[in-house]
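Colleague: Please take a close look at one part of this predicted model: the largest cavity. Which classes of residue line the largest cavity, and how many of each?

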Amino acid sequence: MTKRIALLPGDGIGPEVVAAARQVLEHLCGDALAFETAAVGYAAYESDGEPLPAATLDLARRADAILFGAVGNPRGDALARNLRPEQAILGLRKHLGLFANLRPAKLYPELADASALRPDVARRIDLVIVRELNGDVYFGEKGMRTTAAGRREGYDIMSYDEDQVAAIARVGFETARARGKRLCSIDKANVLETSQLWRDVVIEVSADYPDVTLSHMLVDNAAMQLVRDPGQFDVIVTGNLFGDILSDQASMCAGSIGMLPSASLDADQKGLYEPIHGSAPDIAGRGKANPLATILSAAMMLRYSLGLAAEADRIEAAVARTLADGVRTADLGGEASTAEMTAAVCEQL
Ligand code: NAD
């Protein structure tokens, strides 16, 4: 049966890298996938007056999976907050119930020199961070007030309910079950009540996953361990705030931002897949963007939302062989264009 893919290219290099991933998918899957494209971000603001038009949301809802490029344009910075390109991502997460963010961080051995870590440490990175997306301090009551002493005070309330924690814990356990069967839950249970509940609920859920080894780590220690010995982690599960910070940290340990894919899933494994990088306005339109993060996001899409794990493996193997052949875009220290890198991956397939 043909699967419907919504393509939301967005701004800057978004259209370039999404076109590259589409080329790889068509090369591999032929007519098994049908693509439909809609505007999002600043491009949608220009065409429709808002960053997430109703037609785009509708297409995303109807599709079996969504492949997203990036949003952001310097001209958008002057707009009211609700019209800024970046609002499109928050809107998609909210309307589609995308609560679980999966970010693999794996270092291809050939790129060990691109990591911020020593090559012998970096070479061991092969982990997935599972981050909760719809709760935590970002979504609690927030505001500005005046203290009794007449001083300004900002506040943001951190909270999680047990169902939110159980749902993301299950994603963590399932992800670990499909990999190395080790899950590390990261919290700050020594000082935060929210984290104490988090830890209690993760332990409760672990009863359903006797085959997965569960450990716990405080977030400050986790930040240190990620640079000291990232090879010790298989799957990490954590809340929205800690995951936001740790996933960027892990990414840079694994090399160029142009290499790293991500998935945001709903409760039925339907998902939005995107590179972790932004719209890179500094290189947009010059054919210099590294398309591999988006091509690897497409592989995640095949694996998690479309049940095509063998095809996902083939894409990942083709990317590894392309890098082993020495093909490099500028961010990896080479001279290959977006088109040349994409053609090389198709050739390897
Ligand atoms: P960025 O990720 O766009 O770029 C950071 C640096 O990395 C730039 O020098 C860029 O040229 C380079 N880079 C990024 N992706 C690359 C690729 N595929 N190949 C080669 N080089 C690459 O981050 P930024 O500059 O902080 O943000 C630019 C815009 O993107 C902003 O408007 C920001 O809000 C937006 N943004 C969007 C997303 C998203 O859509 N999910 C994520 C992050 C930033």
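Modeller: By class, 6 nonpolar, 3 polar and 2 charged residues make up the lining of the largest cavity. The charged ones are Asp 136 and Asp 187. Gly 239, Thr 194 and Ser 195 are the polar ones. Among the nonpolar residues are Met 158, Tyr 160 and Ile 186. Leu 192, Trp 198 and Phe 242 also belong to the lining.

Now the volume. The space in the largest cavity comes to about 80 Å³. Rolling a probe the size of a water molecule over the atoms shows where empty space is left.

Next, the elements behind this lining. Two of them supply at least two residues each: strand 8, residues 182–187, and helix 7, residues 193–206. Helix 7 gives the most, with 3 residues. Thr 194, Ser 195 and Trp 198 fall in the helix 7 range. Ile 186 and Asp 187 fall in the range of strand 8.

The search of the whole structure finds 2 cavities of 30 Å³ or more. The second largest holds about 30 Å³ of space. Its lining is built from Arg 103, Pro 104, Ala 105, Ile 129, Ser 247, Ala 250, Ser 251 and Leu 260. Strand 4 (100–106) and helix 9 (240–253) are the elements that give two or more residues to this lining. Here the classes divide into 5 nonpolar, 2 polar and 1 charged. Arg 103 is the charged residue. Ser 247 and Ser 251 are the polar ones.

The ligand has its own surroundings. It is surrounded by 21 residues. The closest are Glu 86, Gly 278, Ala 280, Asp 282 and Asn 290. By class, this shell has 10 nonpolar, 7 polar and 4 charged residues.

Polar contacts come from backbone and side chain. A backbone N or O atom of Ala 280, one of the closest residues, sits 2.8 Å from a ligand oxygen. A polar backbone atom of Val 71 is 2.9 Å from an oxygen atom of the ligand. Glu 274 uses its side chain: a polar atom there lies 3.2 Å from a ligand nitrogen. On its own, the ligand has 810 Å² of accessible area, and the protein covers 67% of that.

Last, the aromatic rings. The count comes to 3 aromatic pairs. One of them is Tyr 42 with Tyr 45: the ring centres are 5.7 Å apart and the planes stand at 40 degrees, so the pair is tilted. Both tyrosines, Tyr 42 and Tyr 45, lie in helix 2, residues 42–48. They are 3 residues apart, about one turn of the helix.

Key. Residues numbered from 1 in each chain as written. Predicted model: local features only at pLDDT ≥ 70, side-chain atom pairs only at ≥ 80, totals over all residues. Heavy atoms only, no water. Near = heavy atom within 4 Å. Polar contact = N/O pair within 3.5 Å; in protein donor to acceptor, adjacent residues only side chain to side chain. Areas by Shrake-Rupley, 256 points an atom, 1.4 Å probe, with all protein chains shown as cover. 1 Å grid on protein atoms, 1.4 Å probe; cavity = no way out; pocket = protein on both sides within 12 Å on 5 of 7 lines; lining within 4 Å. Points joined across faces, edges and corners; volume = space filled by probe spheres on them. Helix = DSSP H or I, 4+ residues; strand = E, 2+ residues; numbered from the N terminus. Phe/Tyr/Trp six-rings, centres within 6.5 Å; stacked < 30°, edge-to-face > 60°.
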